[in-house]
Amino acid sequence: MADLCKEFGISRKTGYKFVARFERLSVVGLEDQSRAPVVRAKTPSEIEDLVVALRRKYPTWGPRKLLAALKKQHDG
């Protein structure tokens, strides 16, 4: 395994990962795998509306400033 990994310029850990994928998924397992999360969290529409409204009011603000303004409006 060490010689094979050296020949392809990968670590042994990566080599063993590809062997395991091949055993589990056959040739399809050797293709690039998606890194996207399987389940995406959904923001409630009420919160989306608040964020969008604040973003329209202050289009130059970034996420940190928007979050701080939302917390100030609704927590304190």
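This is a guided tour of a single protein chain, to be followed with the structure open in a viewer.

**The whole chain**

The model is predicted. Begin with the entire protein chain in cartoon view, where four helices and zero strands are found. Read from the N terminus, the order of the elements is α-α-α-α. The radius of gyration is 23 Å, well over the 11 Å that the globule rule gives for 76 residues, so the chain is more spread out than a compact globule. If the view is aligned with the principal axes, the C-alpha atoms of the protein chain fill a box of roughly 60 × 25 × 20 Å.

Next, display the surface. The accessible surface of the protein chain is about 7,100 Å², and carbon and sulfur atoms contribute 57% of that area. Of the 76 residues, 11% count as buried. Colouring by charge then shows 16 positive and 9 negative charges, whose mean positions lie 10 Å apart.

**From helix 1 to helix 2**

Select Ser-11, in the loop between helix 1 (2-8) and helix 2. With a relative accessibility of 39%, Ser-11 counts as partly exposed, since that value falls between the cut-offs of 20% and 50%. Add Met-1 to the selection: Ser-11 and Met-1 are 10 residues apart in sequence, and their C-alpha atoms are 9.8 Å apart in space.

Move on to Arg-12, which belongs to helix 2. Is Arg-12 buried or exposed? Its relative accessible area is 52%, so Arg-12 is exposed, the cut-off for that class being over 50%. A distance label from Arg-12 to Ala-2 is instructive here: the two residues are 10 apart along the chain, and their C-alpha atoms are separated by 6.1 Å.

**Along helix 2 and past its end**

Now select the whole of helix 2, residues 12-25. How does the span of its 14 residues compare with expectation? At 1.5 Å a residue, helix 2 should span 20 Å, and its end C-alpha atoms are 20 Å apart, which agrees.

Helix 2 is followed by Ser-26, which lies in the loop between helix 2 and helix 3. Inspect the backbone at this position: Ser-26 is not a glycine, although its phi is positive, at about 70 degrees. Ser-26 is partly exposed, its relative accessible area being 40%.

**Helix 3 and two long separations**

Continue to helix 3, which comprises residues 45-57, and select Val-52 within it. Val-52 has a relative accessible area of 37% and is partly exposed. Draw a distance from Val-52 back to Leu-4: these residues are 48 apart along the chain, with their C-alpha atoms separated by 53 Å.

Arg-55 is also placed in helix 3. Its relative accessibility is 37%, so Arg-55 counts as partly exposed. Where does Arg-55 stand with respect to Gln-33? The two are 22 residues apart in sequence and 35 Å apart in space, C-alpha to C-alpha.

**The aromatic pair**

For the final stop, show the side chains of Tyr-58 and Trp-61 as sticks. How many aromatic pairs does the structure hold? There is one aromatic pair. The ring centres of Tyr-58 and Trp-61 are 3.9 Å apart and their planes meet at 5 degrees, so this pair is stacked; the class applies to planes under 30 degrees apart.

Restore the surface to examine the cover around each partner. Tyr-58 is partly exposed, with a relative accessible area of 28%. Trp-61 is likewise partly exposed, at 21%. Neither of these residues is classed as buried, because that class requires a value under 20%.

Note on methods: Residues are numbered from 1 along each chain as its sequence is written. This is a predicted model: local features need pLDDT of at least 70, side-chain atom pairs count only at pLDDT 80 or more; totals for chains, interfaces and linings use all residues. Side-chain values use heavy atoms; hydrogens and water are left out. Helices (H or I, at least four residues) and strands (E, at least two) are DSSP runs, numbered from the N terminus. The radius of gyration is taken over C-alpha atoms; the globule rule is 2.2 Å times the number of residues to the power 0.38. Buried means under 20% relative accessible area, exposed over 50%, partly exposed in between (1.4 Å probe, protein chains only). Accessible areas come from the Shrake-Rupley method with a 1.4 Å probe; for residues, only the protein chains shown count as cover. Lys and Arg count as positive and Asp and Glu as negative; His and the chain ends are not counted. The place of a charge is taken as NZ of Lys, CZ of Arg, CG of Asp or CD of Glu. The expected span of a helix is 1.5 Å times one less than its number of residues. Rings of Phe, Tyr and Trp (its six-membered ring) pair if their centres lie within 6.5 Å; planes under 30 degrees apart count as stacked, over 60 as edge-to-face and the rest as tilted.
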